[in-house]
Structure formats: C-alpha cells, structure tokens
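Work through the exercises below with the sequence and the coordinates open. Each task is followed by a stepwise solution.

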Amino acid sequence: MGYFITLEGVEGSGKSTLIQNLKEFVGSIGREVIVTREPGGIDISEQIRSVILDTKNTKMDGRTEALLYAAARRQHLVERIIPSLQEGKVVLCDRFIDSSLAYQGYARELGIDEVLSINEFAIGSFMPDLTIYLDLDPEIGLSRIRKNKGREVNRLDLEEIHFHKKVREGYEAVIKRFPERIVTVDANQEFNKVFADVKEVFLDRAKEIFN
C-alpha cells in the first residue's frame, strides 16, 4: 500500500511550490510519487472545480459549495487516489477534507460536524496518513497572491480578509480534532526553511515508506 500526504493552508501559503519540491525529494529516495490537487485532480473533479472557483459565481450558497467540494472529492478519491495507493505510490495532494472543514464548516459557519458528515458520506472513513498544515498570516498570503501574476485568482481569493482570518481559526479548530494526523509548519519563514521543516516532518512521520 502507498502513503497519502496532504498539504493544507490559507490562500497563498505556498502549498503548490512546496508540494513540487516534496515530490522531487520523495522521488529521490526511490518511491514512485504523484501530485494531485483538490478540488480537481481528474477530469470530472476539475469540471466541478471550475464551477466552485469561477469568480462569476458570487451567489453560490455555502451548502452548495460544501456539497460540490464533497462530490469532487469522492470522484477524485475513487478514480485517482485509491488506485494510486493500491499501486504502492506516495500520493501528495494539495488540499483534502480539512479544507472543507476549515472553509465551509468554520468560516462559512455551516458547522464542522455538519461538513464532516457530508464528507463522511462522500469518502467513508478514508483519511490521509499525514497532513502538513502550513500556518501563515492570511494578510501575508493574500499579499503573495497579488504579487504572483501567474497564479490563478479564484472566487475564494476575492473574499474579505475577515473570511480568511476565520479560515485560519477553522484550521486551528480542525487541528485540535485530529492532532495525531496533522502537523503544523510555520509558513511565515523564508521558503528554504519552510521546506526544510516540511522534509523533517515527512522523514519523522513517514518512516514506514522507507522499507
């Protein structure tokens, strides 16, 4: 069986860059690795992603948003994540269930338990082996997005700063629920230090994949 690692964080926390660097590192130790993302990762889920994140869809209801994320996650899980793990691969995923709990459950005020229930229907008891949470001041994250002209600007990026601060609070609440799975890394540091910390967490927590 493979190993499933997810990276989480507020907008602009550097997940995409870190996950590519982690992919190279994991590959260097001889493990086959794939990188994927949520929402998305496979065709059906990417189509759902385009609806969720379209900047024109400002009228989207919070429950609609939560249900769409769960639907995309289900398809992604059964079509790509589980088959890859069964092939013995290391799967690195940019976001997974914890994003829904923090964004829709807490920041949208739908309730963490309620959103967890939706996702339990979608994915059953399936959870990542390890989640690395990149903790960052949301104002810094949004500033990075504005400076990165090549980055996709989506509907969530356009939310007020209050929303993004609530997302960070939401992650803190989620971490308290799953402390055995989620490890926090300070993403306010310069990139090389953040990546060094991410590698240290990986090496400490994923020892079984070296066998």
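**Exercise 1: Ile 82 and Glu 65**

Ile 82 has its place in helix α3, where helices are DSSP runs of H or I of at least four residues and strands are E runs of at least two, numbered from the N terminus. The model is predicted, so local features need pLDDT of at least 70 and side-chain atom pairs count only at pLDDT 80 or more, while totals for chains, interfaces and linings use all residues. Residues are numbered from 1 along each chain as its sequence is written, and side-chain values use heavy atoms, with hydrogens and water left out.

Task: classify Ile 82 by relative accessibility and list what it touches.

Solution. Step 1: buried means under 20% relative accessible area, exposed over 50%, and partly exposed in between (1.4 Å probe, protein chains only). Step 2: Ile 82 has 24% relative accessibility and therefore counts as partly exposed. Step 3: with residues up to four places away in sequence not counted, Ile 82 touches Leu 77 and Phe 126; contact means heavy atoms within 4.5 Å. Step 4: the C-alpha atoms of Ile 82 and Ser 99 are separated by 19 Å, at 17 residues apart along the chain.

Task: is Glu 65 buried or exposed?

Solution. Step 1: Glu 65 is also found in helix α3. Step 2: its relative accessible area is 1%, so Glu 65 is buried. Step 3: apart from neighbours within four places in sequence, Glu 65 is in contact with Ile 52, Met 60, Gln 104, Arg 108, Arg 155 and Leu 156.

**Exercise 2: the largest nonpolar core**

Task: find which residues touch the most other members of the largest nonpolar core.

Solution. Step 1: a nonpolar core is a set of buried Ala, Val, Leu, Ile, Met, Phe, Trp, Tyr and Cys residues joined through side-chain atoms within 4.5 Å. Step 2: the largest core has 60 residues, and Ile 5, Leu 22, Ile 132 and Leu 134 touch the most other members. Step 3: helix α3 (residues 62-86) gives the most to this core, with six residues. Step 4: beyond four places in sequence, Ile 132 touches Ile 5, Thr 6, Leu 7, Glu 8, Val 183, Val 185, Val 198 and Val 201.

**Exercise 3: α4 against α7**

Task: describe how helix α4 (residues 97-107) and α7 pack.

Solution. Step 1: their axes are 8 Å apart, at an angle of about 120°; axes are lines fitted to C-alpha atoms, for helices over the stretch in contact, and angles run from 0 to 180 degrees between N-to-C directions. Step 2: angles under 35 degrees count as roughly parallel, over 145 as roughly antiparallel, 65 to 115 as roughly perpendicular and the rest as oblique. Step 3: α4 and α7 are therefore oblique to each other. Step 4: the α4 side of the contact includes Leu 101, Tyr 103 and Tyr 106, and the α7 side includes Phe 163, Val 167 and Tyr 171.

**Exercise 4: backbone checks**

Task: what is the peptide bond from Glu 38 to Pro 39, cis or trans?

Solution. Step 1: omega is near -10°, and the bond is cis. Step 2: Pro 39 lies in the loop between β2 (33-37) and α2 (43-53).

Task: what is the phi of Arg 95, and what is that of Glu 109?

Solution. Step 1: Arg 95 is not a glycine, yet has a positive phi of about 80°. Step 2: Arg 95 is in the loop between β3 (90-94) and α4, and counts as buried at 10% relative accessibility. Step 3: Glu 109, a residue other than glycine, has a positive phi near 65°. Step 4: Glu 109 is in the loop between α4 and α5 (112-123), and is exposed, with a relative accessible area of 59%.
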